[in-house]
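Subject: Model for you to look at

Hello,

Here is the structure I said I would pass on. Please open it alongside this note; my findings follow below.

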Amino acid sequence: MNLKINGKQVELSVEADTPLLWALREGANMVGTKYGCGVAQCGACTVWVDGQAIRSCVTPVSAVQDREITTIEAIENDPVGRKVVDAWVAHQVPQCGYCQSGQVMAATALLKQIPNPSDDQIEAAMINLCRCGTYNAVAAAVRDAAKA
């Protein structure tokens with residue numbers, strides 16, 4: 001199966017119903033995207049497909065063939081993603097760090113759609129779960145990234 005990941009064509013030997021998460025992690029050896037719940041609830045597995053944040057743990061690779069897949073490994077190549085990463089570092093958002101790649105992908109997708117989101121829009125968009133409870137730091141980082 002051919003996938004376009006972070007701007008490059010990648011040929012993977014995976015079944016069509018393989019979740020994108022496992023195609024990325026095991027097939028393409030891109031381990032920045034994390035497995036969390038496996039049922040699209042926590043968001044640790046968030047990647048972009050054609051610029052939209054999706055849960056890769058429940059998305060079969062057959063659904064994303066011929067589409068642009070962006071992972072955390074390439075987020076700093078995006079100007080908005082770079083601002084989000086800088087804000088994440090400035091606010092020392094990560095605790096255990098497990099959910100952070102998904103959080104950064106979701107935050108960047110939000111800011112690309114809504115460059116100056118309100119607090120309510122941030123709260124509505126940032127639905128990824130964090131077992132360390134970094135939600136206030138996440139919101140502060142999103143607000144700062146929007147201003148940068």
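This is a predicted model: local features need pLDDT of at least 70, side-chain atom pairs count only at pLDDT 80 or more, and totals for chains, interfaces and linings use all residues. Residues are numbered from 1 along each chain as its sequence is written, and side-chain values use heavy atoms, with hydrogens and water left out.

Start with the sheet. It is open, has five strands in the order β2-β1-β5-β3-β4, and its pairing is mixed. β2 (8–11) and β4 are the edge strands; each has a single partner, so one side of each lacks a neighbour in the sheet. Neighbouring strands are turned by 40 degrees against each other on average, direction ignored. Strands here are DSSP runs of E with at least two residues, helices are runs of H or I with at least four residues, and both are numbered from the N terminus. Two strands pair if DSSP finds at least two bridges between them.

Now the pairings. β1 (residues 2–5) and β2 are antiparallel, with four bridges. L3 has V10 in β2 as its bridge partner. β3 (residues 46–49) and β4 (residues 52–55) also run antiparallel, again joined by four bridges. Here V49 is bridged to Q52 in β4. These two strands form a hairpin with two residues between them, and D50 in the turn has a positive phi of about 50 degrees. On to β5 (residues 68–70): two bridges join β3 to this strand, antiparallel once more. W48 stands opposite T70 in β5.

β3 is covered on both faces. T46 and W48 on one side are buried, and so are V47 and V49 on the other. Buried means under 20% relative accessible area, exposed over 50%, and partly exposed in between (1.4 Å probe, protein chains only).

Next, the helices. α1 (residues 20–27) packs on the sheet and touches β1, β3, β4 and β5. Its direction makes about 100 degrees with that of β3. α3 lies across β3, β4 and β5, at about 40 degrees to β3. Axes are lines fitted to C-alpha atoms, for helices over the stretch in contact; angles run from 0 to 180 degrees between N-to-C directions.

α2 (residues 79–90) packs against α3 (residues 100–113) at about 130 degrees, with the axes 9 Å apart. That makes the pair oblique (under 35 degrees is roughly parallel, over 145 roughly antiparallel, 65 to 115 roughly perpendicular, the rest oblique). The α2 side of the interface includes V80, V84 and W88; the α3 side includes Q103, V104 and L111.

Q103 in α3 deserves a look. Its relative accessibility is 1%, so Q103 counts as buried. Beyond its neighbours within four places in sequence, Q103 is in contact with W88, M126, N128, L129, C130 and V138. Contact means heavy atoms within 4.5 Å.

Last, the cysteines. How many disulfides does the structure hold? Zero, where a disulfide is a pair of cysteine sulfur atoms within 2.5 Å. The sulfur of C96 has its closest cysteine sulfur in C132, but the 3.7 Å between them is too far for a bond. C96 is partly exposed, at 45% relative accessible area. C132 is partly exposed too, at 35%.

Best wishes
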